[in-house]
Amino acid sequence: MPSTPTPPRVSQQSAERWARVKATVIEAMDLPERDRAVFISRACGADEGLQREVESLLANARAASNFFETPAAGLLGAEEPARSSGPLLAPGTRLGAYEITAFIAAGGMGEVYRARHTVLGRPVAIKIVATRADLTAKRRLVREAQHASVLSHPNICTIYEVGGDDADAGPFIVMELVEGRSLHARLRDGVPSLDETLRIGIQVADALEHAHGHQIIHRDLKSSNIVVNDSGQAVVLDFGLAKRLDHPGSELSRDSSLTATGVLAGTLSHMAPEVLLGGEADARSDVWALGVLLYELVTGELPFTGRTPFETSSAILGDSPRRVGGRVPFALRLLIDRCLAKAPASRYQRAADVRDALASIARRNSWPLVGRLLISMRWKRWTSWTAVAVAVGGVAVTAFEFRARLTGQPIGRISTLAFVPMTWTDTDATSEYYARGITEALIGRLGAIADARVLAPASAARAAETATSRAELARQLRADAIVEGRVRRSPNRIAVDVRLIEPTQGRVIWSDAFERDRRQVLALEDDIVRALIAEIRLSTRPQAELAPPRAVNPEAYEAYLQGRFEWNQRTKESLTRAVADFTRANSLDPTYAPAHAALADCYNQFGTQMVGTGSPRDFRPRAAVAAVQALRLDPYSAEAHAALGYIRHYDWQWVDAEREFRRAIELNPSYPLAHLWYANLLMSRGRFVEALREVKLAQDLDPFSLVVNTNVAWVLQVAGRHSEALEQLRRTLALDSTYVQAHMRLSGVLEHFGQFDAARREAETVVRLANGSATALAGLSALDAASGRTADARRELSAVLERARSQYVAPGAIAIIYAKLGDTLNQDLWLTRAYEEHSNAMAYLLVDRQWIRDATRERLLAAVGLR
Amino acid sequence: MNTPAGQPPQPPSPGGPTPGDVTEHLLRWSSGDEAALQQLMPLVYSECRQIATRQMARERPEHTLSPTALVNELYLRLVDQRRTTWKSRAHFFGIAAQLMRRVLVDHARSRLAQKRDGARVMVSLDAAAHVETPWPLADILAIDDALTKLGSFDPDQQQIVELRFFAGLTVDETAHVVDRSPRTVKREWQLAKAWLYRELSARQDG
């Protein structure tokens, strides 16, 4: 038989206190609404804590029950003026030096009229209290005037004067007449444009900042309290509930008929959670209300609603706001989320910060270059914390502020951030590529969302080779902070611990742990990225459009990561393994888009001359199927668009190809291959200036990549800048002297300069490095033909043709030999074959000077649409 | 009362207390026999556990339970309604509520100890139609904690909450059980709810 646990001992004092609270609350409950505030202040006297407690409980009671018949709209404590016969004042009524001309509206605790100064003729607005006998309301009105009159700001309604205790109507406020509709009314017609929303937000935030600077918080900011006048200015009205935070000894605070927290008087839907729970309102609760306002402007709805005041307050305290749709810039969404953080400490601390953040969103409209974000990744060794850095190029270095979560003090501005590659805790052999894969995925995602450029991991590997410590790495990469991570995998869960470290002293600035079910690994990556963005206040790209993360079959994801590992090595054999991995991933989980996109990339590579697994006629259709499937699953995949662009390019769909590449770049400006392949497209159209720009961007993102560097040389070469091409190739070979493609290109450049011996040495190197492949041999043959060693050329040609019978040899490679031999007939023959199989070389017919200019070439140029 | 109209009492589980036993004890207790309570409790408790377990075993999302439904079922199983008046029913529900609370808490704790996914046992607080309830769902352990805390400085309110929340008694019935005026009970109830609501909300944040 279970027993009830003995309650903890309670001190006499708190029991007494509770009794007092209880008595006060119960008595207050028995009073009619409008008498409550007065009773409470009398009963509590100077005991502000007691008063706060009583009010809080009353507010919660209201939320917790349907006893009070409040309308479903959820106004908490709004005092409806007891009007039996319309507005109090008729037109023509004199109030001091003013004459009433018309009734405008009833709201809050008073009525607002249009009036004019009888002598000056100036049109004004006059606010009076609705119920003549209501002392509380009268005091509130005067207080409102006192507060607002201190404030002089274009976006705050100006108070001219307070008049007339003598008049029957009691005190009245004369203020600026703001002509226009309230935002609340305007929203009924639809939401404003993004520009207008930002503009209004900035103005309101500015107004709040001004008020806060005078120690006044508004406490009742909402769309019905803001009017947009005919000059388009937003004007904040109704500082009626405002409270002064200072002057504890002043007359204002002594008169406590205005509630201490404003809990009874504020509007529920805009009330910040801490206020609802009985805490003090401060600048940050105004920031919350600003967040609610922005949400309304952006969606047309309130973020927290319910059928009863209860549900509304539940939502405020516990729910996340309903998701904002995809048309809203990501940065604005994050901004609103931050204003609506449940804990005040997590919000923007000042209205000025919100204003500045809005302004920066407004400013941004084209290529966002914000910071240098270095992402490191380990490449080869797996036992030490060797950091591999991926540098992000940024033209304009804009710093973002960083705050140490642990110490609560600002660290100082950070402009570069280095990611140390994730380590792992288990001994599973697959964990290396898993951890690496996650790091790569984080980089990729950050590159798509964050307002920064992100360098590819492969390049990072090179830089890390020489770094011996965090501080040294940070110095080499000019990083201000380092992100480290550790991946823990268990049969059903995946967990990642992330730490942000200040490198000079190795101090941990921020750390967090992320854990999810294995199926949710993509959402986990998203969690980490978002946490980083929020934590270091990284700006985000307004164009960021992303599908929300979904579950992926864990085995499929692993196969995908294995495939990535193979793909990154870029050899014929590894690519074949990659295809197997991606195919396996697709069969395990057909809905995971990246695996399809990666498969497309592999097939695309198979059909190239260099890899030469087979004819594009066989592989490109497969690539196309995979790319289209990827896009069907995720239209926001930059990789899929780039793969498709590649396919379109070599199928001579020029316009489509360009569109795909541009879309890929728009989705992820940090994806180097998109730029690279786009550069090739541009080059093949003869648009050399643009091509060079794009290929340099690729190089910026992946400075140590052999593929990219060689491609740069090629573009330079085709553009006629042979000396630069030469220099570039030398630099590339300095990175890796065994890179075949670079030697091949070098051979061609040297040939251009007439340095045939040197060129031949290069061509021979190619043959040796490529293990005597037919393509390599064809290259040598072409060179020999060009340099007059005809006999050698023909001998080599025969060997190539012999091979071509049993394995795939790119027809273009053979066509070139004939071209150099001056054999137009056979050139035509092989060119036509190349054309028929849509060989990649065909796309470059226009700019590749190796071909003999003749009728066939012209015909082909027309056929592919280059003429 | 919430007992569904017209339903006959369920036959008791084999070996368990018969309606006769329980009703007898209940009637005696209602007329002032305190000892009867001691005999009543163990009978009711075991039944309570069985019903709760059975209900929780059913496939429900988030394992939501309605304590009142549980207690109602308990009542139907154990008490011969023809012989009892609403006053003795009220008494029954009073202890049943306490017991139900303990049973749910124990169950929630054991599930938590097993660390099963979705281990939190959620309680549906839609006790009765005429009573406005604060939340659709709440964590039973959190409620228990909060209620215990409330009980540490206001035991009366804790009892009222038990009776209203867990047993679904009306204000009048509750008033009868705690021997105070319905008006007072109503106010106490509202205040207790306010306090609980605030307490639970703050915990959710923290």
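Let me begin with a term: a residue counts as exposed when its relative accessible area is over 50%, as buried when that value is under 20%, and as partly exposed in between. The model we are looking at is a predicted one, and by that cut-off Arg183(B), at 57% relative accessibility, counts as exposed.

I start with Arg183(B) since its side chain meets that of Asp30(A) in a salt bridge, with 3.3 Å from N to O. Arg183(B) lies in helix H8 of chain B, residues 182–205, while Asp30(A) lies in helix H1 of chain A, residues 12–30, so the pair joins two chains. Asp30(A), for its part, has 33% relative accessibility and therefore counts as partly exposed.

Over all chains, the count comes to 46 salt bridges, and I would like to show two more of them, both within chain A. In one, Glu515(A) pairs with Arg493(A), and the closest N and O atoms are 3.1 Å apart. This pair links distant parts of the chain, 22 residues apart, with Glu515(A) in strand E22, residues 507–517, and Arg493(A) in strand E21, residues 493–502. Both count as partly exposed, Glu515(A) at 46% relative accessibility and Arg493(A) at 29%.

The other is the salt bridge between Arg760(A) and Glu796(A), where the closest N and O atoms are 3.4 Å apart. Because Arg760(A) lies in helix H28 and Glu796(A) in helix H30, residues 790–804, the pair ties together parts of chain A that are 36 residues apart in sequence. Here both residues are buried, and salt bridges with shared partners join them into one network with Glu764(A), Asp784(A), Arg789(A), Asp792(A) and Arg795(A).

That brings me to helix H27 of chain A, residues 740–752. How far apart are its end C-alpha atoms? They are 19 Å apart, which agrees with the 18 Å that its 13 residues should span at 1.5 Å a residue. Of those 13 residues, 10 are buried, so H27(A) is largely enclosed by the rest of the structure; among the buried ones are His743(A), Arg745(A) and Glu751(A). What covers them includes helices H25 (706–718), H26 (722–735), H28 (756–769), H29 (774–786) and H31 (811–821) of chain A. Just after H27(A), Gly754(A) takes a positive phi of about 80°.

Finally, chain A as a whole: its secondary structure comes to 33 helices and 22 strands, and 56% of its 867 residues count as buried. Its accessible surface comes to about 35400 Å², of which 50% belongs to carbon and sulfur atoms.

How values were computed. Residues are numbered from 1 along each chain as its sequence is written. Chains are lettered from A and ligands numbered from 1 in the order in which they are written. This is a predicted model: local features need pLDDT of at least 70, side-chain atom pairs count only at pLDDT 80 or more; totals for chains, interfaces and linings use all residues. Side-chain values use heavy atoms; hydrogens and water are left out. Helices (H or I, at least four residues) and strands (E, at least two) are DSSP runs, numbered from the N terminus. The expected span of a helix is 1.5 Å times one less than its number of residues. Buried means under 20% relative accessible area, exposed over 50%, partly exposed in between (1.4 Å probe, protein chains only). Contact means heavy atoms within 4.5 Å. Accessible areas come from the Shrake-Rupley method with a 1.4 Å probe; for residues, only the protein chains shown count as cover. A salt bridge is a side-chain nitrogen of Lys or Arg within 4 Å of a carboxyl oxygen of Asp or Glu.
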